[in-house]
Amino acid sequence: MVDLPRRTLIAGIAALGAGACARIAESETGRSLMRVAEEGHRALHRALAARQALVREYAPSERSPTFRGNGSVTVADPFYQDQLARGFPDWRLEVRGLVETPLALSLAALKALPQRRQITRHDCVEGWSAIGEWTGPQLSRLLDAARLKPEARFIVLRCADTLYGRPYYESIDLVDAYHPQTIIAHSLNGAPLPEQNGAPLRLRVERQLGYKHAKYLTAIEAVASLDAIGEGRGGFWEDVAGYQWYAGI
Ligand SMILES: Nc1nc2c(c(=O)[nH]1)N[C@H]1C(S)=C(S)[C@@H](COP(=O)(O)O)O[C@H]1N2
Ligand SMILES: [Mo]
């Protein structure tokens, strides 16, 4: 991850906020402030560009023969088990929260959208990796369809499972939500998601570590703040074990 020279950036933004007018530019301090502003701006651009860069994609022959299940590998809920047995005919993914048009999308509706297929490497903090091929619509398509309100700053992923008695959830910022490789996957290696890997829907947020890739999705919720969700740290493992919210790789 790119390390932003924070103080430089803040000084730079302050200088820009002052209007960067001619009077400031005339003084020696003003000129050096403007230089700092320019450097900060460049650093910010570099950091944003790095976060938008695509992660490596692999060839079909490089896919791992098995993609293990980790964390929850099932959902202990009669509705879930019945849906699983029948191919999830009544499963709906809600898009809600700070959106103009809340949605409730069936699997068929998600599959009818333009699809992205990507072969990527999953890295779990527990020390294993696997390469898999994921298919599904980009999250950006769903957010555009529901039309995010301007106050929205984070996307919360709600899951059907509980772990240690708590609902699993995760959240990402809008840069990751709109990243081209951030998809709502319904398939792994060309087949519907297996139960252990999050059937029927899971997030793939390829610039982040494994625990951010929420499985068993029930809803996508746009929020202005993460404070009132779970314990306020933005995710299950963040709340329970102090994992970093920003798990960029
Ligand atoms: N709903 C839910 N999502 C989850 C988890 C979980 O327990 N529940 N575990 C996370 C962790 S730590 C990892 S490494 C990946 C594992 O994905 P896999 O089961 O497909 O290997 O899912 C992540 N998403
Ligand atoms: Mo993980």
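This tour moves through a predicted model one selection at a time, from the whole chain to single residues.

**The whole chain**

Begin with the complete chain in a cartoon view, where the secondary structure comes to eight helices and eleven strands. Of the 249 residues in the chain, 44% are buried. If you draw the contacts between residues at least 6 apart in sequence, 69% of them join residues at least 24 apart.

**The nonpolar cores**

Next, select L139, I155, I184, L217 and I220, which touch the most other members of the largest nonpolar core, a set of 46 residues. A second core lies apart from that one and has six residues, including V156, Y169, L226 and I229. Then centre the view on L217 and, setting aside residues up to four places away in sequence, display the residues that L217 touches, namely W91, L93, L157, R158, C159, I184, L201, R202 and L203.

**The second largest pocket**

Move now to the second largest pocket, which holds about 320 Å³ of space, and select N70, G71, Y168, G210 and K215, the residues that lie nearest its centre among the 25 that line it. The elements that contribute two or more residues to this lining are β3 (116-124) and β5 (154-163). Colouring the lining by residue type divides it into eleven nonpolar, nine polar and five charged residues.

**H122 in strand β3**

Select H122, which lies in strand β3. Is H122 buried or exposed? Because its relative accessible area is 6%, under the 20% limit, H122 counts as buried. Show the side chains of H122 and R204, and a polar contact of 3.0 Å can be drawn between them. Beyond its neighbours within four places in sequence, H122 is in contact with F67, W128, S129, A130, R202, R204, G210 and H213.

**The loop between α3 and α4**

Two residues of the loop between α3 (28-52) and α4 (78-85) deserve a stop, and one of them is S72. At 9% relative accessibility, S72 counts as buried, and its contacts, leaving aside neighbours within four places in sequence, are D161, T162, L163, Q196, K215 and Y216. A distance drawn from the C-alpha atom of S72 to that of K215 reads 8.6 Å, although 143 residues separate the two along the chain.

The other stop is P65, also in the loop between α3 and α4. With a relative accessible area of 84%, P65 is exposed, whereas S72 is buried. The C-alpha atoms of P65 and A130 are separated by 9.0 Å, with these positions 65 residues apart along the chain.

**Backbone details**

Finish with the backbone, and select A199 and P200, which are joined by a cis peptide bond with omega at about 0 degrees. P200 lies in the loop between β9 (191-192) and β10 (202-205).

Then select Y164, in the loop between β5 and β6 (166-173), where phi is near 50 degrees, a positive value in a residue other than glycine. Y164 counts as exposed, at 66% relative accessibility.

The last selection is Y216, in the loop between β10 and β11 (217-223), for which phi is again positive and near 50 degrees. Which relative accessible area does Y216 have? The value is 0%, so Y216 is buried, whereas Y164 is exposed. With Y216 still selected, S72 can be brought back into view, since Y216 is among the residues in contact with S72.

Technical notes:
Residues are numbered from 1 along each chain as its sequence is written. Chains are lettered from A and ligands numbered from 1 in the order in which they are written. This is a predicted model: local features need pLDDT of at least 70, side-chain atom pairs count only at pLDDT 80 or more; totals for chains, interfaces and linings use all residues. Side-chain values use heavy atoms; hydrogens and water are left out. A nonpolar core is a set of buried Ala, Val, Leu, Ile, Met, Phe, Trp, Tyr and Cys residues joined through side-chain atoms within 4.5 Å. Buried means under 20% relative accessible area, exposed over 50%, partly exposed in between (1.4 Å probe, protein chains only). Contact means heavy atoms within 4.5 Å. On a 1 Å grid over the protein atoms alone, a cavity is a set of points where a 1.4 Å probe fits but cannot get out, and a pocket is an open set with protein on both sides within 12 Å along at least five of seven lines; lining residues have an atom within 4 Å of a point. Grid points are joined across faces, edges and corners, and a volume is the space filled by probe spheres set on the points. Helices (H or I, at least four residues) and strands (E, at least two) are DSSP runs, numbered from the N terminus. Ala, Val, Leu, Ile, Met, Phe, Trp, Tyr, Cys and Pro count as nonpolar, Asp, Glu, Lys and Arg as charged, and the others, Gly among them, as polar. A polar contact is a pair of N or O atoms within 3.5 Å; within protein, one must be able to donate a hydrogen and the other to accept it, and residues adjacent in sequence count only if both atoms are side-chain atoms.
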